Amino acid sequence: YDLERLLTHRAFYDQLTDIPNRTLLGDRLNHALGRAQQSAGQIAALHVNLDNFRSINESLGRDAGDELIIEMSKRLQSAIRPGDTVARIGGDEFFVLLDPASSEQATTMASRITVSLQQPISVQGSLVAISGSVGVALAGGDTNVSGLLRNADIAMLAAKAAGKRQWAMFQETMHESASKRLNLAGGLRRAIDRNEFRVHYQPIVDLHTGEVMSVEALVRWAHPTLGLVPPADFIPVAEETGLILPIGRWVLEESCRQVKKWQDTLGPELSVHVNLSALQLDAPDLLGVVTETLHATGLKPGCLILELTESMAIGGSDVLLARMRAIRKLGVRFSLDDFGTGYSSLSYLQKLPVDSLKIDKSFVDQIGTHPAMLEAIIHLARSLSLETVAEGVEHAHQATILAHLGCDRAQGYFFARPAEPDDVLGSLTRIASQGHPAKVRAALSLGRVHPEDVTKLPLVSTSI
Ligand code: C2E
Ligand code: MG
Ligand code: MG
């Protein structure tokens, strides 16, 4: 199946540079550590980060930023030995895996990379001065992947702290100061007691009728000194420490309660999408938690949609599938989040008790240039009787094309940004009372609207 091959490639390779991504890097590190254990050898991980990426991105624009990343990827690839790996794990963050590596080989490579990143680069016709910082961590077979990556990360931050444009080798003492600085776990624990979590809501729009049918609940941490902390910054730690269980439970109850309240004014059909973490899905009492929450809040089961990601479900045991089926028996639905970014085994998808696919933003981003993937996913979903929700819709033309391709629902900054309950309510009532569903739908699905005109339609008269 062609789509499966393409999705698998996307699951393992970075789209911009076509080099291995975080997932494939993790896989290679696992193998390398296994080999190191057997041979009592050593490998090295180098975390490479540009020193001024953000300012270049902001002053010269995203396209310039992309050019820079591609050039950086080329320089790293030409610095390594055959058999070593360069991976991009996001933004300007790259990892180099040296397997095997002595301490000397690792530091030689680190200094070679530091020098090669000091050559100015030509972006959109002008020369830009750049530099990078490198963190080096060595490991034998007794280290795990996340420990090795974290050490390289800490060393890279130490190189930056020491003045950038240099490399640093990880030392245990760095670890202590880094964990003290962060001390996230402690803060998170207190945050639960102090009621510092907030739920923001983002409307999901029905592309057939133009109406808001549901909202996605997105957690934030109202940190006393750091301000509103996004989930990406604390969910990983919450998962590592198990704190995601009480946090997730609170988000579920809070959002069910909120949506039940909104139903009084907006109609009984409004439903809510709540994100689950792997740990919650693995917990045997999830059925009990969901049942109790619905009971306590009075929300109808049919108005709750639980989101999980492919990686959480794929390879899931029969016990997990049975748990999902039992929850679904209540009337609660499941949605597969970030679809297209995980290990997409399409045959496995058939076995999963899910009701809808949330198509990852990266496909929507490419809708103008590569609509074929999106179209294939929508067809696939239809053949499996799954609804489709497009994520990250930022522009009018994307909404138009999505409606044209037969995508059912959409969510994104174009319609409304996630906001706190009081601010969302305004946009929800506006859309409900001013929307002219038929008109919007006709305009969207016939593809008659010029991109600029779509913003004038009532559907998007929300000014968030
Ligand atoms: P997600 O579930 O895929 O949620 C969509 C994310 O995309 C949200 O980020 C949302 O703010 C953002 N987004 C929506 N529309 C647009 C757009 O048009 N452009 C762009 N660039 N971004 C858009 P957010 O709120 O930072 O959440 C990030 C992730 O954190 C979520 O991804 C979800 O995986 C996780 N998360 C959020 N809340 C919870 C929670 O209560 N529990 C768990 N376990 N995870 C959560
Ligand atoms: Mg989600
Ligand atoms: Mg998503």
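Donors are taken here as N, O and S atoms within 2.8 Å of the metal, and because water is not among the atoms, a site may look incomplete. On this basis the donors of the magnesium ion (ligand 3) follow the spacing D-D-x52-E along the chain. The structure in which this site occurs is a predicted model.

The protein donors of ligand 3 are Asp-337 (OD), Asp-338 (OD), Glu-391 (OE) and Glu-391 (OE), at 2.0 to 2.6 Å from the ion. Asp-338 belongs to strand β13 (residues 333–339), whereas Glu-391 sits in the loop between β15 (387–390) and α18 (396–405), so the pair ties together parts that are 53 residues apart in sequence. The two residues are also covered to unlike degrees: Asp-338 counts as partly exposed, at 26% relative accessibility, while Glu-391 counts as buried, at 11%.

A further magnesium ion, ligand 2, is bound through the protein donors Glu-216 (OE), Asn-275 (OD1), Glu-307 (OE) and Asp-337 (OD), which lie 2.0 to 2.2 Å from it. Along the chain these donor residues show the spacing E-x58-N-x31-E-x29-D. Glu-216 is part of strand β9 (residues 212–223) and Glu-307 is part of strand β12 (residues 304–309), so this pair ties together parts that are 91 residues apart in sequence. Glu-216 is buried, with a relative accessible area of 3%, and Glu-307 is buried as well, with a relative accessible area of 1%. The two sites are joined through Asp-337, which bridges ligand 2 and ligand 3. The distance between the two magnesium ions is 4.1 Å.

The protein chain that carries these sites contains 21 helices and 16 strands. Of its 464 residues, 50% count as buried. Among contacts between residues at least 6 apart in sequence, 70% join residues at least 24 apart.

The largest nonpolar core comprises 80 residues, and those with the most contacts inside it are Val-290, Leu-304, Leu-306, Leu-308, Phe-339 and Val-393. Helix α10 (residues 244–266) gives the most to this core, contributing 7 residues. A second, separate core has 30 residues, including Ala-101, Ala-106, Leu-117 and Val-128. Beyond residues up to four places away in sequence, Leu-304 touches Leu-252, Cys-256, Val-272, Val-274, Val-290, Leu-294, Leu-299, Val-332 and Arg-333.

Helix α10 also packs against helix α12 (residues 286–297), at an angle of about 35 degrees and with the axes 9 Å apart. The crossing of α10 with α12 is right-handed. On the α10 side the contact is formed by Arg-249, Leu-252, Glu-253, Cys-256, Arg-257 and Lys-260, and on the α12 side by Val-289, Val-290, Glu-292, Thr-293, Ala-296 and Thr-297. By class, the contact is made up of 5 nonpolar, 2 polar and 5 charged residues.

Two buried residues illustrate the packing elsewhere in the chain. Phe-95 is found in strand β3 (residues 93–98) and is buried, with a relative accessible area of 3%. Apart from residues up to four places away in sequence, Phe-95 touches Leu-25, Ala-45, Leu-46, His-47, Thr-85, Val-86, Ala-87, Ile-89, Leu-149 and Ala-152. Of these, Leu-25 is 70 residues from Phe-95 in sequence, yet their C-alpha atoms are 8.1 Å apart in space.

Leu-374 has its place in helix α17 (residues 371–383) and is buried, with a relative accessible area of 0%. With residues up to four places away in sequence left out, Leu-374 touches Ile-359, Phe-363, Val-364, Ile-367, Leu-402 and Leu-405. The C-alpha atoms of Leu-374 and Asp-360, which are 14 residues apart along the chain, are separated by 9.7 Å.

Both Leu-402 and Leu-405 are among the buried residues of α18, together with Ala-396, Gln-398, Ala-399, Thr-400 and Ala-403. Helix α18 is mostly covered, 7 of its 10 residues being buried. Just after α18, Gly-406 adopts a positive phi of about 90 degrees.

Key:
Residues numbered from 1 in each chain as written. Chains lettered and ligands numbered in written order. Predicted model: local features only at pLDDT ≥ 70, side-chain atom pairs only at ≥ 80, totals over all residues. Heavy atoms only, no water. Donors = N, O, S within 2.8 Å, 3.2 Å for Na, K, Ca; no water. Helix = DSSP H or I, 4+ residues; strand = E, 2+ residues; numbered from the N terminus. Buried < 20%, exposed > 50% of the residue type's maximum accessible area, 1.4 Å probe, protein only. Core = buried A, V, L, I, M, F, W, Y, C linked by side-chain atoms within 4.5 Å. Contact = heavy atoms within 4.5 Å. Axes fitted to C-alpha atoms, helices over the stretch in contact; angles between N-to-C directions. Left-handed = near helix turned anticlockwise from the far one by under 90°. Nonpolar A, V, L, I, M, F, W, Y, C, P; charged D, E, K, R; others polar.
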